[in-house]
Structure formats: structure tokens, C-alpha cells
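Visitor: I'm new to this structure and would like a close look at one part of it. Could you show me the surroundings of the ligands, and then the sheet and helices that go with that part of the chain?

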Amino acid sequence: MSVIEGLSHIVLTTSSVEKYESTVQFYSLFGYQPISQVGSRVLSNEVSQFLPREEKVLHLFGKPPTQDITIRIVLTTNANEKEPLPEEKDWRLEQSSLVSATKNIVDVESILESINLKYQKYTYPNESDSLVAPLSADLVHTEIYTHDPLNNLITFTNKPIPISKSIYPIKPISPIKQQDISSSNISTEPKTKKKRIGMLTSGGDSPGMNAAVRAVVRVAISRGCDVYAIYEGYEGLVNGGDMIKKFGWADVRGYLAIGGTLIGSARCKAFREREGRLNSAYNMVKNGIDALIVCGGDGSLTGADVLRSEWPGLLDELIKEGRITAEEAAPHKHLTVVGLVGSIDNDMSSTDITIGAVSSLHRICEAVDSISATALSHSRAFVIEVMGRNCGWLALMAAVSTGADFVFIPERPPASDDWESEMCEILNKHRKLGKRKTIVIVAEGAIDKNLKPIKADYIKELLSNRMKLDTRVTTLGHTQRGGKPCSFDRNLATLQGVEAVHAVLRATSDTPSPMIGVRQNKITCEPLMKAVGLTRQVAEAISRKDFRRAMELRDPEFSEDYAAYIETTIVNDETLSKNKCLRIGILHIGAPAGGMNPATRAVVRYSLNHGHTPVAVYNGFDGLLQDNLRELSWLDVDGWAAKGGSELGTHKIIVSDLDIGMIAYQLQKHRINSLLLIGGFEAYSSLVELNNYRNQYPAFCIPMVCLPATISNNVPGTDFSLGSDTSLNAIVESCDAIKQSASASRRRVFVVEVQGGQSGYLAVLAGLAVGATNVYTPEEGVSLKKLQLDINHLIRRYGEDKQGTSSGRLVLRNECASETYTTDVIANIFKSEGRGLFDSRTSVLGHIQQGGAPSPTDRIRATRLAVRCVKFLEQYTSHPSSSEKVVFPSIYTNTKDSAAVIGIDGAQVIFTPVADLLSETDMKYRKGKKAWWINIKELVEILSKWGKFILSFLLI
Ligand SMILES: Nc1ncnc2c1ncn2[C@@H]1O[C@H](COP(=O)(O)OP(=O)(O)OP(=O)(O)O)[C@@H](O)[C@H]1O
Ligand SMILES: O=P(O)(O)OC[C@H]1O[C@](O)(CO)[C@@H](O)[C@@H]1O
Ligand SMILES: [Mg+2]
């Protein structure tokens, strides 16, 4: 069932005759009447398997304010069956439901009992908030959650208006005036108590905290809770008064794009004392707050857990002191605490990444890239200090992303006692190779193996005195914490904020306080104190000089990235002349994508360090046919870590467009015995072709790997392709500017066209990051009916806005979402249907979306994946050609596994044989058949106040 409000026509499909019959019976029990039947099962053999074989149409007559509804139950072979709802889960947390209003909830329950169908029942006190319309009587309201035989979630409720006020009927009148559709008649004052969530940000601020606050506020409101912003971290909790303020939907408008935290943060001494926490408990009880979501670092989350563990004692003390009554305390017996990890340091265990760390890395890379230009001009050395007290994540990732010559991090101090000489020797070697600049990155908490701090000024002295380099120190300081959140942090914070609210709703008095994290690209919920404990262990391991343990306690990618950094940055002459085994042909294929150059740099450096020969093929396969090849040296790729576009030149021509025999001939001629194709769907389909021709051309019987690099993120076999993150950031930056213009011009909707081909990835993920009102994707398409719903929604949203407020809105449309409803057509329809309430404009972002410099995430992914690619190719060096008949290649393999696509699966790197990916590929629409991100579109809608449920019918 879809999640569209005001839906009057629902189609349910099944392939099971039994389920078909029982679904008809199920809906009949609730008053639906059969009105027609089409087709007949007897004829099924004669009917194409893609056509319905039989369908029954049921109708229910609605009573105002609800509407008539028609359900088509279709028996067909290509049904879209749903998984059963997990019984142990709270069905209220499901993303979509058909909501049925009924005056007679008792009868509903008896029907469900009589057919022995599982259901969940929830009873609430009468409630109202800015989303849920108030009840007139002092009734308790009940919700019953069950499912039909096809596993569609059905909600029965006796609330007179079962869903958000945004669903009230719209009577368009011409011209539409704001007051005609304002919601002034709907009270926002609570009549009785309901779940009240306090939200605070604490410790060092981090970009993305505002996105977390926005998500918590909006999702909490749409789940029927009240939300209170607590200003200045724990200071607000301790002091109460004006520092605790109820937030409504519009209070967090514009939050996504703003860095820092708009509700303030502090390092609060008072909260560390019991007295401070006693005052906090008092303020919470007085404000009726019974759940706290804290976004901060390890300290802040520990503080929250201390408060929770002391809570019963604090309440007793407040009662004893007469500050609160036992009655006031009674509804607050349990405190729910949920942690969101906001910290630029990325120092928390049990989560792969913390909110703000990636944005901070953006700031650092921007700074180091800028410094590199001036360093190069003067042939200078720079020592750059970055933040991170006990954690070297920022320093290491900055070094990987910028190709810095040396890095100092707390978890991995230099192994030697005389690290000074070792460092100088390495840096000298780089200078001798011809490098004109030297960049050393040092984490704020860097130490030597005897725990003595390594400071930037000391390194400067070494470089100046021993190496005679003109050296400067730059301490990046708090610029690293400022600035706009990047796309990743906005989306991470949003997804985690949603989960935090769900965790509050799920919490019981027995569950330990959860911390919302992310692992393997999935939002997680783990015991908060366990994570804090593990985090502390890193500092303890460092203080015991157990650096191996400290590295182990970081996420698994940390060690891999460290190794990749060393292998691609520090020249290793011992292996330079050894092996000479692989002669790797490197091609860029398709459109340029951020990460192509960093990946090529890493392949070249790693290969040279391992005695292989990297051969650049310029301009893709076309260049191969033109003999446009060259061996690359260590220095050739210097600076490529930060370069956008494609230094080798890309070409969209794919193998099937060319003479396959000539390709084989050229590979043989240039003695290419291993191949790396960096690119998008063109690179993938080229690999498919080469693999197909292996039995005809031995030249293709070499190890071959495709490293997906395309902004569209449409290559099968990976969750992320290189360039997709760079592109998202480019789109987000443009959309922020467009939104600013839309808001300044007041009441404008921009229809922004984004690229992505037949993949809606960019549209959906950018839509979430910029707070789009809606997103049009090729996966879903565009229809008149959908446009009508969108127009209704825009009318409602503009109608609700206070006169004169900034109210620019964006709709993101993927370039291939519809052939009929083009960007211009949609904008014109909006303009004409807005009838003065709002206007519309278009913006086609075009090739700006390929971005300038690659984002740090793409640089890091590129380095990690490129090193893995060479390791993959190296596996086949023990398969030299043995057949006398076969002259070339020098490495011979035709196993399925030896032609593969490298991919990211969660956080893991995987290789999938290209032959195995074919069944997962939609060749026509040039993308994988599965898209992990598809459901995120629904969240974009929820966060732009679409309301979650369908208002369907007034039942029995
Ligand atoms: N053990 C504790 N007991 C009570 N409150 C605490 C405790 N530790 C920290 N806090 C509270 O949390 C606030 C923030 O903690 P801290 O300064 O350690 O920053 P953080 O949350 O770890 O963030 P970051 O380290 O990323 O800046 C403290 O000022 C204090 O109010
Ligand atoms: O802003 P403050 O309070 O000086 O704190 C700086 C510290 O906070 C962090 O930015 C985040 O924990 C650290 O990297 C840094 O050491
Ligand atoms: Mg901390």
C-alpha cells in the first residue's frame, strides 16, 4: 500500500488464490461491498502472465469528513508480495499504513478476535499537538494495528481525525489566499499530558547537530509527542526557565544547512555535580519532560546516563525537599535517555562515524588544499595541526585525502626512538624525487611511543634546522568545527535523529540507555555505556602504551586506511625494482567523476611500491586504439589526491562500440597483463564484454577489475561509486543557494533538475540533505495524480506559513523521471495551480554536479579501493601463462573470479565476479536491480510534513 494521503483507490496484488479469497473476505468483514469482478481464473492460461488474471473491486462509502474508497484486489502472477510484519516489533513504527477511522473500536477488536488475527492495541490519553487535531471530548483514544492477509498494515483508530492536521480537506478556491487555508482554527495547546521529549546538544559543537535537532523535532511531532529544545547543553537543563522551550514544526525550518548548533552547546561544570543534576531533574519534571535525547561526545553521553541512573534518587530528594509533589513525580518514574554522537573527532566506539566528523574533514581538506598551492609556489614545508585529542581520525583521513607526506596520530606513534631522523629521511627522499612541497599533518593529541606529546613547533624546528626547509606552522583550530554540514552529515544526523525518536518510543524501564550509531551503512542502536566504556579503553590503551590495542579499538577501516596511506605516500625503494610482475593498464571510462584521479594516484603509488608497472591509457578505449599509453611515475601523480575530473581523460566509447579484435591486439602489443577500468556503467559494461570475449581472445584472459566511478551511483555490485559523494555535495551546495533565493523571493518553489540517468540516487539523497518538499525519481515516475497531490501539499504548506516568512521550497526532479512531465512542465503546472499563493522557477544543475575537487569521502574511498584493486590483481601473479600456444598475456587466467567489480557493501570491500552481477543488472535502464536507498524517499516526505498515513474511511 502506498503512503499517499487522500488516496481513494488502492490496488492490492497477490499470486495466491487462497490469499486472494481471504483478502476479499477480510475487507468484506469491515463493510466493503463487492461492486465488480473482472476476468476469470479459468481463463488464466490464455492470459499473458503480465496481465491480471482476475480481480475483484470492493467499495466502501465514506461519511464526511472521510471519503469513499475503492480497493481492487488483483490475482496475478507478478504480484508484489509483502513480508509478514515482525510480531516482536512495535507496528506503530512501520513506515506506512492504511488508517481507518471508526467510532466503534470495540467492534473492530471483536472482529479481529473472531478471526483470530494478531493485533497490537494502544490506548492514549486525549491529545493534541501541532500535527494532530484536538479531540472535542475527554475521551481516551485507541489505536489497533493489524494486517490484512497480504501483510499490509491496517490501523483502526477512534480519533475523530486520525492523522495530521495537514490532511484536512482542501477546497481550492480561486485565487487562493493564505487565510483561506490557514490552520488558525486548530489548537496547538496540549490539553492533557503526552510524551515529552527534551533535546539538547552538548560538548564541542559539530556540523550536523542542527539536522539532528530538526529530525528529532519533526519526527517526534509526527509521532504525536511534544518536543522541548534545551538551550546551551546541560546549562539549560540545570537552569531551566527560558532555556527550555517547546518547539513546533516551523521552529527548525532552515536548520539543515547551518553549521554548529542553533540551540547552543556548553561544557557545563554544574552538571558534573549532583546538585546540578538535581536542578535538572526539577526542571524536567516541571516541564513534564520524561525523555531526553542528547547529541554530543562521550562526555555528554556519560552525563546523560549518570542522570538516568540517579533519577529515582533525585526525584525522592526533590519530593523530600518539597520542591515537587509526589503527584508531580508519579508520571516521571522512569527517565528515557537516548544518545546521538555529535563530535568532529570521530572518537566514539561502536559507531563507524560520528555526526560532524566528515564536515570537519571537508574544512581540513579545503585548508590543506589551499596551503598546498602556496607551499608549492615557494617550495616550502608546512606543519598543519588538526583537532583530535585522543583520536587521530581527522589527522589520518586528512593525510590520506590530501596526500600529505607524513602524519602523526595518537594511536600509532612512530615506532622508532629516533623518529626525528626517520621522518627527515622520508621527507628528503620525497624532495629528491622532485617534490616542491612538504606537508606534515599532526593531530592535536599526537605523542611519541613514550607518550611525550609531539607538537607542531617541534616538527617545524626539525624541518627548518635539519632539512633546511623554509617551514611554516598552521594550526587550523576552530575553523575545523565551523561551516556548513556536508551532505553526509546532514543525512547521517537526520537518519539517526529519526531512529532516536523511535528508540524513545520503544524504550522501557529495563532497557539500557541506547546510543544511536551507524555501522556498515546501517543505523544502529547499542547500549550507550558500553560504547562509552570502549571509547575510554582507547585512551587507557594509549596510556598503557598498548598501541596495537588502541588501533584495534578503532573501526576496522582505520587500520586499513593507515596501511593504504603508508603504501601510497611513502616511497619504498626496496621494492621499487623487484617483481615487475604486473603491467597494469588503467583506463577512465564514461563521464568524469570525483575520485578517478585519487584512485589512479593510489594505484600508481601502490604498484610502484610493489614493483609493478602502472600504464596510463589516455582517453579510454579510444586512446588504447590510438596507442595513447604511457608508464606513470611516482611524481607524475603527485597532487592527484585532490584533483577533480580525470587527468587521463575519459571516453564514453565502450568495448562494444569498437573493434574487439583491435582491443585485444593493442593489449598484447603493449604487454598489458592486468586491467583496471575506472568508471561508471560504461566501464562495467565494457568489463562484461571483455569477459564475454575471453574464449576468443587470450588477451582478455588477464585479471580485470572495474572500480565504479560515476556520480549516478548506478553500477551493480556496490553501494557507493566514486564521485557520488562529491556530486551530492555539489548538488547540496547549489540547492542551498537556490533555496536562499527562493526564500528571499518569498513563496517560490524551485523545480531543480539533477542528473543520475535512470537512477534516482542523487535526487533522493540530495532531497534529504536539502530538505526538499518532494523528489521525482525514475524508479517511481511522475503522474498527473501524483502532481495533483503535490500541488495540494504545496498549497497546504504555503497556506500554513506565517505571512511574510521565508518560505522557499525545493522539489528535486531526476533528469529521467518522466518524458512527459519535464522540469519545465512541472514548474509551469505548479505556477498555474499556485494561483498567486506561490510561484515557481526551474534550475537545471547540469555538469556542475560533477563537482570541483573530489570530496574527502571520495578521496578516501578511492585510495582504499584502489589499493584493494591492485591486491586483487596481484593474486593472479602466480598464474603466469604456461601454455605454449599462448604467447600473451604473461599472466593467464580465465576463471570467473578474475573479472570482477570491486564494491562497498555496508562498510566492507567486496569483489563480485562480473558474470554473477548480470542477473542483478537492469541493462536497459543501466543500473542495478536493487537500490538500498529507495526507502529514504519516504523520509523526505515525512520530514516535509506529508503526514504518514492515508486518511481512508469512516468504518462501521
Ligand atoms: N561524568 C560526567 N558526569 C556528568 N556530566 C558529565 C560527565 N562528563 C561530561 N559531562 C557533561 O557533558 C559536558 C560535555 O562533556 P565533554 O566536555 O567531555 O565533551 P564531549 O561531550 O565529550 O564532546 P567533545 O569531546 O566531542 O567535545 C560536560 O561539560 C558536562 O556537563
Ligand atoms: O572548543 P574547545 O572547548 O576549546 O574544545 C576543543 C576540543 O573539542 C574538540 O573539537 C571536539 O572534542 C576537540 O577536537 C578539541 O580538542
Ligand atoms: Mg569527548
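Guide: Here is a walk through the two ligand shells, followed by the strands and helices. Keep in mind that this is a predicted model.

Let's start with ligand 1. It is surrounded by 17 residues, and the closest are Gly204, Cys268, Asp298, Gly299 and Ser300. By type, the shell splits into 3 nonpolar, 9 polar and 5 charged residues. Two helices, α5 (269–272) and α7, each bring at least two residues to that shell. The biggest giver is α7, with 5 residues.

Now for the contacts themselves, one at a time. Gly204 uses its backbone: an N or O atom there sits 2.8 Å from an oxygen atom of ligand 1. Arg267 reaches in with its side chain, where a polar atom is 2.9 Å from an oxygen atom of ligand 1. Ser343 also takes part through its side chain, with an N or O atom 2.9 Å from an oxygen atom of the ligand. On its own, ligand 1 has 620 Å² of accessible area, and the protein covers 87% of that.

Hold on to Arg267, because we meet that residue again at ligand 2, whose surroundings consist of Arg267, Ile344, Asp345, Met387, Gly388, Arg389, Glu444, His478 and Arg481. This shell is made up of 2 nonpolar, 2 polar and 5 charged residues. The side chain of Arg267 has an N or O atom 2.9 Å from an oxygen atom of ligand 2. His478 offers its side chain too, and there an N or O atom is 2.8 Å from an oxygen atom of ligand 2. With Gly388 the backbone is involved, as one of its N or O atoms lies 3.3 Å from an oxygen atom of the ligand. Taken alone, ligand 2 has 400 Å² of accessible area, of which the protein covers 78%.

Next, follow helix α7 away from the ligand. This helix spans residues 298–320 and lies across β12 (291–296), β13 and β18, running at about 160° to β12. Those strands belong to an open sheet of 7 strands with mixed pairing, in the order β11-β10-β9-β12-β13-β18-β19. At the edges you'll find β11 (244–247) and β19 (522–527), each paired on one side only. From one strand to the next, the twist averages 30°.

Zoom in on β13 and β18 for a moment. Strand β13 (residues 336–341) and strand β18 (residues 514–519) run parallel and are joined by 2 bridges. If you want a spot to click on, try Gly339, which stands opposite Met515 in β18. There is another helix to find here: α14 (residues 528–543) lies across β13, β18 and β19, at about 90° to β19.

Before you go, scroll further along the chain to another open sheet. It has 7 strands with mixed pairing, ordered β22-β21-β20-β23-β24-β29-β30. Its edge strands are β22 (629–631) and β30 (908–913), and each of them pairs on one side only. The twist here averages 25° between one strand and the next. Strand β29 (residues 899–905) is antiparallel to β30, and 6 bridges join them. One pair to look for is Ile904 with its bridge partner in β30, Val909. This sheet has a helix lying on it as well: α21 (residues 681–692) crosses β20 (583–589), β23 (674–679), β24 (704–708) and β29, running at about 150° to β23.

Technical notes: Residues are numbered from 1 along each chain as its sequence is written. Chains are lettered from A and ligands numbered from 1 in the order in which they are written. This is a predicted model: local features need pLDDT of at least 70, side-chain atom pairs count only at pLDDT 80 or more; totals for chains, interfaces and linings use all residues. Side-chain values use heavy atoms; hydrogens and water are left out. Two strands pair if DSSP finds at least two bridges between them. Helices (H or I, at least four residues) and strands (E, at least two) are DSSP runs, numbered from the N terminus. Axes are lines fitted to C-alpha atoms, for helices over the stretch in contact, and angles run from 0 to 180 degrees between N-to-C directions. Contact means heavy atoms within 4.5 Å. A residue is near a molecule or strand if one of its heavy atoms lies within 4 Å of it. A polar contact is a pair of N or O atoms within 3.5 Å; within protein, one must be able to donate a hydrogen and the other to accept it, and residues adjacent in sequence count only if both atoms are side-chain atoms. Accessible areas come from the Shrake-Rupley method with a 1.4 Å probe; for residues, only the protein chains shown count as cover. Ala, Val, Leu, Ile, Met, Phe, Trp, Tyr, Cys and Pro count as nonpolar, Asp, Glu, Lys and Arg as charged, and the others, Gly among them, as polar.
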